[in-house]
Amino acid sequence: MDLLEARLKKIDRRNYRSYSSLRGQYNFVDYDFFIDIPQSDPFAPATRVRARRQWSLTDLAWLKEQSADYQRAARDFIARQFADLAKEVNEIQIDRPGQAVLDRTAVVFDDDAIELRFRVDLPADGRTIIAKKTLNLLTFTLPKIIRRATIARELPMDDLRRHCETVEDQVALRAQLKEKNLIAFVADHSVLPRLAGNSEQPMPDAVPFISPDSLAVELDAPHAGKLRGMGIPTGITMIVGGGFHGKSTLLNAVENAVYDHVPGDGREYVVADETASKIRAEDGRCVHSVDLSPYINNLPMGKDTTCFSTQNASGSTSQAAWLQESLEAGAQTLLIDEDTSASNFMIRDERMQALIAKEDEPITPLVDRIALLRNHLNVSVMLVMGGSGDYLDVADTVIQMHNYEAVDVTAKAKIIVQSHPTQRQPEGSDTIEQPRVRQLNRSGLQAQLEEGKFRIQVKNKQSLRFGREFVDLQALEQIADASQLHTIGWLWCQLAQIKGWEKQPVTAFRKMLQEEWFRSMPNYGDLAKPRVVDVMAVLNRMRKAEFK
């Protein structure tokens with residue numbers, strides 16, 4: 001602290017760039033403080049700092065003996081506590097978690113200490129340093145927040161344990177899905193509706209979810225005990241019902257259930273296959289060397305679709321590409337909402353078949369391929385469908401949402417199929433294969449590293465800047481936090497400098513994102529672990545990426 005004070009006094013009233021002299025380590029009484037990257041300008045990103053507090057000073061050393069998931073949740077909880085304590089201090093910012101409990105680097109545990117990673121806006125009068133104000137911030141205000149966030153007697157310990165146990169329960173529930181032949185589980189009394197379209201908070205007074213008896217299963221949670229709820233089986237599941245009755249709400253809950261959620265979220269006992277990928281139409285996106293032939297063939301001018309590339313995909317082309325890319329990345333479950341899909345990719349009805357001959361239509365709709373995905377590739381599909389009954393011919397389970405209540409109408413749907421047989425003709429072949437694994441030409445990533453001032457920049461979940469390119473990600477609904485995009489950018493940066501991995505990019509990403517994933521990253525506090533399927537989804541939308 002004395003060293004920091006001396007350095008601050010030396011640069012008092014100097015130009016803001018003089019803050020760079022503060023870079024280094026400072027040993028306070030009960031923690032070590034690191035100023036890693038001082039900001040160069042009052043309008044530049046805030047200074048990156050870290051604080052390390054020995055376990056012996058926290059009374060929290062028992063956390064080291066807990067499971068990895070318990071520790072992940074504890075780190076998440078401490079980050080939330082730090083954010084709450086710092087909310088009145090505008091100059092101090094930590095990567096505050098949302099409703100999902102992700103593996104973040106804002107708080108890190110190691111054998112010796114708890115490490116907090118955050119940012120501080122160093123005070124100034126215009127571009128002039130105010131040493132006294134900075135000294136008060138760093139040696140009086142900040143230490144109180146650090147100590148209160150990292151000592152047992154200052155933390156709400158019952159809430160911490162509940163937070164961690166709820167996460168362990170979700171992990172345990174998700175682990176039981178495969179053995180029960182389920183793609184998702186929605187516990188009774190879950191609250192699925194959200195407060196608003198731009199909010200992840202639960203809607204007050206929402207209708208609690210109750211499973212129909214025919215689909216009810218019981219799963220075991222280590223802390224909550226036996227939980228009853230709706231099990232969504234593997235295979236093809238249709239969600240039907242009138243508008244505004246909760247179809248998309250159920251699908252949205254499942255797509256977000258690939259992550260764990262905080263107690264009180266309403267979805268903390270809703271879990272899904274962690275590989276589940278929600279796909280949709282995405283006009284104008286790029287596509288790199290994807291085999292679209294199961295769905296699109298015989299294009300005008302004889303264009304090949306077995307290794308298809310474009311910088312301006314149509315709705316149907318983009319959705320077919322997304323499906324194939326998801327399977328390549330390891331997805332075993334696909335989630336589809338009719339409202340965001342290309343209609344000609346989903347269905348071609350009897351009248352359109354009569355009007356346009358098959359030889360003049362290059363698209364084979366999903367309705368004619370979906371059973372092959374299930375039967376040949378063991379891929380399950382959950383789709384919201386309100387406009388086409390032709391999918392009833394292939395559906396294994398049909399769930400009607402009525403006033404936000406789930407009703408199993410599978411038996412009724414089978415009767416309707418028998419009494420109202422479809423008149424459309426099946427299209428396409430009766431075989432389908434797993435998409436080939438494309439090789440990445442990493443020169444596209446390397447070129448970005450070498451072009452002038454390299455930068456990874458993320459402002460929200462809709463865009464990632466990597467070098468000079470801004471990757472448009474507005475269609476990726478399963479990115480839970482902007483910090484996951486920050487990690488993806490750094491993951492590319494690390495791998496772009498290593499030879500060999502580009503032959504199996506999915507395998508390389510999976511290996512890099514194993515338990516100690518953050519060891520290969522910068523010691524930044526604004527990183528969060530993404531799923532491999534999302535890493536690939538972002539890479540597939542990088543216009544300068546090159547696959548073969």
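**Close-up views of a predicted model**

**View 1. The rings of W501 and F509 form an aromatic pair.** Both W501 and F509 are buried. The model shown in this and every other view is predicted. The W501–F509 pair is tilted. Its ring centres lie 5.7 Å apart, and the planes meet at 50°.

**View 2. F82 and F118 pair across two elements.** The count for the model is twelve aromatic pairs. F82 and F118 make a tilted pair, 4.8 Å centre to centre, with 45° between the planes. F82 belongs to helix α2 and F118 to strand β6 (residues 113-120), so this contact ties together parts 36 residues apart in sequence. Both partners fall under the 20% cut-off for buried residues. F82 has a relative accessible area of 0%. F118 has one of 5%.

**View 3. F28, Y31 and F33 form a ring cluster.** Ring pairs link these residues.

**View 4. Two arginines lie over aromatic faces.** R438 sits over the face of F547, at 4.0 Å from the ring centre. R541 sits over the face of W322, at 4.3 Å from the ring centre. Both W322 and R438 return in the cavity views below: W322 lines the largest cavity, and R438 lines the second largest.

**View 5. Helix α10 has a buried face and an exposed face.** The helix spans residues 410-419. T410, A413 and V417 are buried. Seen down the axis of α10, the buried residues fall within an arc of 60°, so they line one face of the helix. The face turned away from that buried side carries A411, K412, I415 and Q418, which are exposed.

**View 6. The largest pocket holds about 1100 Å³ of space.** The lining consists of 35 residues. Closest to the pocket centre are D69, R72, D103, L513 and K529. Four elements give two or more residues to the lining: α2 (68-86), β5 (107-109), α4 (157-175) and α14 (532-540). Helix α2 gives the most, with five residues. By class, the lining has 16 charged, 15 nonpolar and four polar residues. Helix α2 is also the element that holds F82 of View 2.

**View 7. The largest cavity has a volume of about 80 Å³.** The model has four cavities of 30 Å³ or more. Residues lining the largest one are S277, K278, W322, L476, E477, Q478, I479, R531, V533, D534 and A537. Both β14 (277-279) and α14 supply at least two residues of this lining. Helix α14 gives the most, with three. Five lining residues are nonpolar, four are charged and two are polar. Helix α14 also contributes to the lining of the pocket in View 6.

**View 8. The second largest cavity has a volume of about 60 Å³.** S289, V290, D291, Q324, E325, E328, P435, R436 and R438 line this cavity. Both β15 (287-290) and α6 (315-328) supply at least two lining residues. The largest share, three residues, comes from α6. By class, five residues are charged, two are polar and two are nonpolar. R438 is the residue that lies over the face of F547 in View 4.

Terms used
Residues numbered from 1 in each chain as written. Predicted model: local features only at pLDDT ≥ 70, side-chain atom pairs only at ≥ 80, totals over all residues. Heavy atoms only, no water. 1 Å grid on protein atoms, 1.4 Å probe; cavity = no way out; pocket = protein on both sides within 12 Å on 5 of 7 lines; lining within 4 Å. Points joined across faces, edges and corners; volume = space filled by probe spheres on them. Nonpolar A, V, L, I, M, F, W, Y, C, P; charged D, E, K, R; others polar. Phe/Tyr/Trp six-rings, centres within 6.5 Å; stacked < 30°, edge-to-face > 60°. Buried < 20%, exposed > 50% of the residue type's maximum accessible area, 1.4 Å probe, protein only. Lys NZ or Arg CZ within 6 Å of the ring centre and 35° of its normal. Arc of directions from axis to C-beta.
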